[in-house]
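The following exercises are to be worked through with the sequence and the three-dimensional structure at hand. Each task is followed by a solution in steps.

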Amino acid sequence: MTSSSLSAANGKPDIVTLERVTKRFPGIVANNSVDLSIRAGEVHVLLGENGAGKSTLIGMLSGLQQPSEGRILVDGVPTAIASPRHALALGIGTVFQHMMLVPTLTVAENLLVGGPWWQRPKAEELEARVAEISRTLGIGVNLHAKVSELSLGEQQQVEILRALLRNSRLLILDESTSMLTPKGIDDLGALMRRLVEQGLAIVFITHKLKEAAGFGDRISVLKLGRKVGEITPERLRALSEDEIIAQIVELMFGKKESDPEEQARVARAFSAETTPLLQVRDLAVPATATAPGLASISFDIRPGELLGIAGIDGNGQKQLAEALAGQLETSGGSVRLAGENLDGLGVGSRREKGLRYLTDDRLGEGTVGTFPVSINFFLKQIGTSPFWRKGVEQRQEIDRRAGELVREYDVRTPSIKTPIGRLSGGNIQKILIARELAEGVKAVIFNKPTYGLDLANTLATRQRVRDVAASGMAVLLISTDLEELLSMCDRIAVMSGGALVGTVENSGDARTKVGRLMIGLAA
Amino acid sequence: MTGLFDEVFLAALLFGAVTAAVPLLLAGLGEQMSEKAGVLNIGIEGMMILGAYLGFLGAYYSGSLWLGFLAGALGGMAVAAVMALLCVRLGLNQIVIGIALTLGLEGLTALLHHFQFSRSYPRLPAADKTAIPLLADIPVLGPALFQHHLVVYFAVALVFVMIYIYRRTQLGLNLQAAGDKPAALDVAGIDVIRTRTIAVLTTGALAGLGGAYLANVGAGIFIPFITNGAGFLGIVLAMLARGRPLWVLFGALLFGVCLSLTTAMQVAGINMPTDIIQMLPFLAVMIMLVLFGRKASLPAALGMPYERGAR
Amino acid sequence: MSVETTQTSSTALEPAIPETGKGDLLRRLVMTLGPILAALVIAGCILLAVGVDPLAYYGFVIERGLLSPLGVQQTLTRMAPLLFLAAGLIVAFRAGMWNLGGDGQFLLGAVSAAAAGPFLVQFLPTWLALVCAFLLATAVAMLWSLLPALLRAYQGVNEIITTLMMTFLGTSLANVLVKLAFLDPSTTVPQTRTLPVEDRLPRLFDTTISSGLLLGLVAIIAVHLVMTRTAFGLKLQVVGANPRAAVHSGLGVPTLTIAVFAISAGLAGLAGAVDILGVQGNVRADWNPAYGMAVIPMVFLARMNGFAAIGFVFLLSILSIGGESAARRLGVPHHFTLVLVSIVLITLAIAEYIDHHFIKTRRV
């Protein structure tokens, strides 16, 4: 039964239909015989873990990739979507997970990019059309602002606007909520509702079950490249949110359970007299053209405590982590670890004293992609005994220890000689964690440790973080995923504009309090 | 020291400065466009030398300077086409290919010139000058700035054409996107490869024209290795100018004055090794780099080949 | 983000990560020799076009550069400065710094050695005078690289530009020094004073091969081992492969950058000294063999591997000695060597691209 025949039955026309679409890359099947029907007036949620094949599917719909087998029908006509230009011409607009705006241009210029090169940009026409769309949808953007000065949420609105300006009939939103505040997510949901009411079709990709249940008219679940199930609008209307989630979980994991990401948190009490392990006082970093500064950041973390940092991405979290790790020069304040002052020390000395930093940018700065796995384990220890003696590499020693770590941390790699860039994100993360937890650790900063990982690796990583705290270390957990913080931390501090705007004990109404702090209200 | 400041001398100095500046200006404007689109075009020296050689041949055999310029520009574009194919389409290392093209074409033109003309170095007749009415009559500045070959005025006009393109046209937006965030351009429906190819071909044409001017008007002769680093100076100008064509013009004139001073001082009979004067423009660049180097921000994707879907 | 230094991600000609099996080695050999053969054919067509019999030319070059006793000795002697230059480039390129200023550093090293050598032998034992001349040449070349190094390390100014500028400056400065400061008053030819033949680097056994060859071999092998076997070399490679990872790992990138430039330029200065103290004996005005530019392609071709570089430098020496001879005897300018080398570089880059795209290994 193909879905196109189904759609004919209930009257709504398919804008795009996928029939048995398969996409192979050398060595892997990213999409395996997927059927999908995308209709006007519907928010069609594509749900799946990382690696389930969502991105590849989007790549094919937006003309970045071509199916290996099967066909895509646009308005019932088999169509090979050859390029992004072609996709746009067919009325398929995509808002990618990674922002696709030119940071050095203004909003207006970004909206104009893509016209025929011999033409003059039609700025007046653009302004009129933007005004019209903004009015009907209630979104407002400043056309003359530089994109680099916009928040991620604002940039996303620009991208949606761009898709609408091009008369898209189908709007694809790829993981659009990962960078938004709880309120921003609600706003996006409302916007999607207004858009489908105007007759658009929306494909909304997410791995968050609550969003799927809350926003979707139809939910398709992908798993390992296959579509494992679809929940139709009729069923969605009939079920309560909890029932929907239960059903999705069953589709995704094949067993009945509540949301596996939600874990009971055992509240722990710390006596106020316990000497803090990590003490930060009035830490300050000057702002630069591209990054926010930090202003008088102060907090304590006691042994075994897990302090979370919540906040929208780009509010100084990365700067805080880098300043603590010694990667970023501070303009004031002090950091003490186990009573010892770390001020003025560089990355290497801080690491030696036991302060470790797990970066969120695994490929960009965490690893050297072309170097073998074995060397990447010791990237922060180059020159130290026993792996180097008198500056000379002890290859046997390195390989032996690397082999141990691969087993201990369950790294799936063909060999310790494999270039690390060829491993999956989850395995790279295991290597980085092994590196930071090497002997002598006292306090660890985890920056978005589960970002971009699949469920299994997310759960494993979270367990590692809990274990570190349980063994008496101080843990600072930076995350943009509120659920993650709520399920793991003892206290949660909220960061906004380079400052900590409040800290709440993680109990009872913490969710509400943190949410209020994130949108600028008092807890 | 008499004669250093008299009118004739000053006019000759400035005239020489403009003549020396034009190839640098053309190369700099060309390189600027490549860099804006994200291609570091190290092969520009090779484009210039082939432009100089073919430009000279074209003018020598046809007797028309204009056909020479055309041949030079086409020659530069031919090299650019190779560069675009290897570096933009196939994504090979831009520095490796750039150096290979430069060395290879320097050698090739020297080789071909040797077999064609052996040890004789035929000269072209002096190029026609076009005086701009009224302006050409201004004392000193008139003969220095407003009695040049038409290509000179074309090159200066090009500065403003470029400003217009970058500020006011769709092409300008697309070029900047190709350099700063090629993926954004791609998903906006514009072929990044094609946009960058347009930029590189333009660079080739301008560099080739610059080379042809150097041989046909500047020197009136082709000598092996005649460009002598002019292409590299173009790269420096483009980097210092940071996407602003007017700055390329100023920079090129500054270099032109230094280069012109070399000959002028010899004419004036000042006894100083030419090597010292030849160092001046490079010294000036180094000083500028020390002073302003930090601000010379380049496009984010400069030097990076674009592959669709690769992150 | 404003990225001032260019990062060139390249599919072709990246430093080789040693992961070679037997079949791999064979493929490597085919992938290296095939393009060279193709380049010889293409370059041969150019010769045909100008009316020279390519087979006769290649035969002559091999005869003069490799097979004749005198030729092969010249070839081996020529290798000495080229090996030093290659060693310097390997350090720089592996650390991701495009030091294209080798020629300026080479010439200033040469002039320093030519100034110091004949002067010092008057007071010091020959060996000590030579050592001092070598040290001076190294120091001067290092100093010459300091400005590009500082600009790159602390201001992020692209080193391609600065080193090119410094090489133009250095070439002129070397001339100024020869003509004004160290001119030999006893001849009418503008050149420095000449180091007597008996005071130059000793020749090997009964040949005319300068012992500079051995020094060059030692230098390039030492560089290769340092880059691949030591902590310092690994740090440099991290800086080259991913500068942000270097910062994240706590490496002192600015210090390492300056060290890279100093080593790279120092080796180029040594190259100049070894050519003067071993072969030339003096520096003539306007002398610039442009070895630095010619060696760059060799280092790319060797994929920055020291041992492979020895092979390619040998090849370049044969071509240039044979080519210079052919220029005199067959009337083919020695510039043809440049053409051949650059065609080899391009065909090899294309071959590597093809190789890369047909056996692209996937993520596991």
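**Exercise 1.** Which residues lie on one side of S20(A) and which on the other, and are they buried or exposed?

*Solution.* The structure is a predicted model, in which local features need pLDDT of at least 70, side-chain atom pairs count only at pLDDT 80 or more, and totals for chains, interfaces and linings use all residues. Residues are numbered from 1 along each chain as its sequence is written, and chains are lettered from A and ligands numbered from 1 in the order in which they are written.

Step 1. Fix the terms. Strands (E, at least two residues) and helices (H or I, at least four) are DSSP runs, numbered from the N terminus. A residue is buried if 20 or more other C-beta atoms lie within 10 Å of its own, exposed if 12 or fewer, and partly exposed in between, with C-beta atoms placed from the backbone.

Step 2. Assign the sides. A:Ala474, A:Leu476 and A:Ile478 are on one side of S20(A), with A:Val475 and A:Leu477 on the other.

Step 3. Apply the criterion. Both faces are covered, as all of these residues are buried; five of the five residues of S20(A) thus count as buried.

**Exercise 2.** Determine the place of S20(A) in its sheet and the helices that pack there.

*Solution.* Step 1. Two strands pair if DSSP finds at least two bridges between them. The open sheet of six strands has the order S16-S19-S20-S13-S21-S22 (chain A), and its pairing is mixed. Strand S16 (355–358) and strand S22 (499–505) of chain A are the edge strands, each pairing on one side only.

Step 2. Examine the pairs. Strand S19 (residues 443–447) of chain A runs parallel to strand S20 (residues 474–478) of chain A, and five bridges join them. Within this pair, A:Ala443 has A:Ala474 as its bridge partner, while A:Phe446 has A:Leu477. S13(A) also pairs with S20(A) in the parallel sense, over four bridges, and A:Leu307 stands opposite A:Leu476.

Step 3. Add the helices. Angles run from 0 to 180 degrees between N-to-C directions of axes, which are lines fitted to C-alpha atoms, for helices over the stretch in contact; contact requires C-beta atoms, placed from the backbone, to lie within 7 Å. Helix H16 (residues 425–436) of chain A lies across S16 and S19 of chain A, at about 170° to S16(A). Helix H19 (residues 510–518) of chain A touches strand S13 (306–310), strand S21 (491–496) and S22 of chain A, and its direction makes about 170° with that of S22(A).

**Exercise 3.** Which domains does the assignment give for chain A, and which residues have the most contacts inside the largest nonpolar core?

*Solution.* Step 1. An automatic or database domain assignment supplies the bounds: domain 1 (3–253) and domain 2 (278–518) of chain A. Their C-alpha centres lie 33 Å apart.

Step 2. A nonpolar core is a set of buried Ala, Val, Leu, Ile, Met, Phe, Trp, Tyr and Cys residues joined through C-beta atoms within 7 Å. The largest has 384 residues, and those with the most contacts inside it are A:Ile202, A:Val475, A:Leu477, C:Leu83, C:Ala86, C:Ile90 and C:Val299. This core draws at least three residues from each of the two domains of chain A.

Step 3. Outside its neighbours up to four places away in sequence, C:Leu83 touches C:Gly216, C:Leu217, C:Ala219, C:Ile220, C:Ile310 and C:Val313.

**Exercise 4.** Why does B:Gly76 count as buried?

*Solution.* Step 1. B:Gly76 belongs to helix H3 (residues 65–89) of chain B.

Step 2. B:Gly76 counts as buried because it has 35 C-beta neighbours inside 10 Å.

Step 3. B:Gly76 and B:Gly208 are 132 residues apart in sequence, yet 4.0 Å apart in space, C-alpha to C-alpha. Apart from neighbours within four places in sequence, the contacts of B:Gly76 include B:Met47, B:Leu50, B:Gly204 and B:Gly208.

**Exercise 5.** How many residues of chain B are in contact with chain A, and how are they distributed by class?

*Solution.* Step 1. In this contact, 20 residues of chain B meet 25 residues of chain A.

Step 2. Helix H7 (170–180) and helix H8 (182–187) of chain B are the elements that give two or more residues to the chain B side; H7(B) supplies the largest share, seven residues.

Step 3. Count Ala, Val, Leu, Ile, Met, Phe, Trp, Tyr, Cys and Pro as nonpolar, Asp, Glu, Lys and Arg as charged, and the others, Gly among them, as polar. The chain B side then has nine nonpolar, six polar and five charged residues.

Conventions:
Two residues are in contact if their C-beta atoms, placed from the backbone, lie within 7 Å.
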